[in-house]
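Visitor: I am new to this structure and would be grateful for a close look at a single part of it. Might you take me through the pockets and the salt bridges associated with their linings?

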Amino acid sequence: MAPSIPYTYIQCPCSDQSSADHSDASSPNGQPPDEDERTFDPRAARSNFSLYPLEYLLYCEDCQQIRCPRCVTEEIVTYYCPNCLFEVPSSNLRSEGNRCTRSCFQCPICIGPLQVGSTQPLGDGNPGAEGKPGSTGGPFALFCQYCNWSCTESGIEFERTNGIYSQLSKMGQGGRPKVTIKDIKERRKENPDEPPLPDEDVDRDLQFASLKAFYQDQIADARASLGGVPLPDGVGGFSSPATLTRIMNMYTGRGHHGKALKGPSDVMREALNTDEGLKLEQLDESSRIKKLTQGGWDATASSLQREAQLEPAVRFQDELRPIPYLLRTKRSKRCPVCRHIISKPENKVTTTRFKIRLVAKSYIPTITISPLNPTASAVPVGSRPAHVEEPPLAPLKPYQYILTFKNPLFDSIKVTLATPSITPGRHASRVTILCPQFEVNANTDMWDDALKEDGKEARKGDDGPGQGEAGKILERGRNWVSIVLEVIPASMRANATDAEEEPEARQGDEDVLEIPMFVRIEWEADTQNDMADRDKEAREKRELAYWCVLGVGRISYE
């Protein structure tokens, strides 16, 4: 479950509503709520979506509950381009889309940033290698500094260095200028008998504009057929439900045989040619097959490259176009229950700071686990930092681990722990917490602890490493407490009928010893009620209960 062992994961109560409802109740002896022996199973399928490291979690001060990335409500603060860091107003998204329009493009091959340069080789006046993009003189193109791709391979060149996005939007495949509906109307004025455009010259933008103009004319004819009287409610608009239904009926074959519609009779007809938005599907693939035969597999575009393209039906490398940068967002997060903001970034795009960020690490204790008697050799001083992993645990042999709780609050807390005596799963291990109840001091100034004579208790035991004792803590510091957890790993071959078949019966990381532990925290904090008497120090009792999972180590199969 985790890349390194040991580890500690926290369960968010949003994954199980029943556990969230009972999170405020607990029995006096520190056992989990409900008397039906409800125990959190870290190996269940739903557990993978409810366990998070402590650094990933937030905390709501009003609800006094943990919030994970899945249960918060996000709100967009600002839109910006990740390349030029220009903030885009939300009003421009409807007209310009969710792409940057400030000449910021990515390479379709390696997704690297593209730069504008001249296609003419550098001369004597501009030192450089021949064939590299120059700084002056046109035409211009977009070049990738990583894979040396340029848009000239797709036949695209620009007349000027500014306004690259607008120039590219006017170009079709191969750098040919796109035909707009305005151009068609001007041609019709000069030559009314000009035949419609062939299907291969009609792109999706022209087809959509032609269809929109065609149906607008059809709606105008429907009004004229009624003698100029206004149409009934819900029928007059171009996007009204009744109008859209009549348009869909023409192309789905229902016609007048479907359900009777309110309003005027259907006077709309279907589009007949490309000028009205009709484009037949091109079923002749002989040219593409010939091109594939000549170029081979290297001439085709990959699936990832085709998905990143804005233009559909891209199959070959010479059809790839520069990709405008997709806009990113900064988002604030709210509690789904009380709607209070628990995380809000700065509005400025150039900063990564937060105005509000209530991380759970500042409200709940940090739990770390380590072996009481480590056997792995330490990392040599001066070497590269590395994680020290203990050898696999021997089955049916007792091991003791140190659980350290570090209090981040400025108030002392009372911690109550509970864990099942036998871990859930196919291989049940035995677990015992030697000190299930203890108190952790407040997170005061570190110099206050240095002035105390008894600021730190010595580890129990005089000969060698200390050993845990029932009902006693192992070690105490300024704002942390260490206790002992004793485990007896299960035998991984206990359920196997044949030793040779055991490796095939292994399921994922079932050899990892995971211990579910229920944590309940109690503390007294300053009241937030404004009506309280300010002359007296009003204190209120607070509680927080949650499940966590301790990854102790791997059990040996030997």
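Guide: What follows is an account of two pockets and of the charged pairs that involve residues of their linings.

The model is a predicted one. Its largest pocket holds about 1,200 Å³ of space. The lining comprises 32 residues, and those closest to the centre are Gln173, Glu200, Val202, Lys279 and Arg288. Two elements, helix H5 (204-225) and helix H7 (286-295), each contribute two or more residues to this lining. Helix H7 gives the most, with three residues. By class, the lining of the largest pocket consists of 18 charged, eight nonpolar and six polar residues.

Arg288 deserves attention in its own right. This residue forms a salt bridge with Glu319, in which the closest N and O atoms are 3.7 Å apart. Arg288 belongs to helix H7, whereas Glu319 lies in the loop between helix H8 (303-308) and strand E10, so the pair ties together parts that are 31 residues apart in sequence. Arg288 is partly exposed, at a relative accessible area of 25%. Glu319, by contrast, is buried, because its relative accessible area of 14% falls under the 20% limit. Both residues also take part in a network of salt bridges that links Glu285, Arg288, Arg315 and Glu319.

The second largest pocket holds about 520 Å³ of space. Its lining has 22 residues, with Leu168, Ser169, Lys178, Asp205 and Glu311 nearest the centre. The elements that supply two or more residues here are helix H3 (164-169), helix H4 (181-190), helix H5 and strand E10 (323-324). Helix H5 gives the most to this lining, with four residues. In terms of class, the lining of the second largest pocket has eleven nonpolar, eight charged and three polar residues.

Two of the residues nearest the centre of the second largest pocket are Lys178 and Asp205. They form a salt bridge with each other, the closest N and O atoms being 3.5 Å apart. Asp205 is part of helix H5 and Lys178 is in the loop between H3 and H4, so this pair ties together parts that are 27 residues apart in sequence. Asp205 is partly exposed, with a relative accessible area of 45%, while Lys178 is buried, with a value of 18%.

These pairs may be placed in a wider setting: a search of the whole structure finds 17 salt bridges.

How values were computed: Residues numbered from 1 in each chain as written. Predicted model: local features only at pLDDT ≥ 70, side-chain atom pairs only at ≥ 80, totals over all residues. Heavy atoms only, no water. 1 Å grid on protein atoms, 1.4 Å probe; cavity = no way out; pocket = protein on both sides within 12 Å on 5 of 7 lines; lining within 4 Å. Points joined across faces, edges and corners; volume = space filled by probe spheres on them. Nonpolar A, V, L, I, M, F, W, Y, C, P; charged D, E, K, R; others polar. Salt bridge = Lys/Arg side-chain N within 4 Å of Asp/Glu carboxyl O. Buried < 20%, exposed > 50% of the residue type's maximum accessible area, 1.4 Å probe, protein only.
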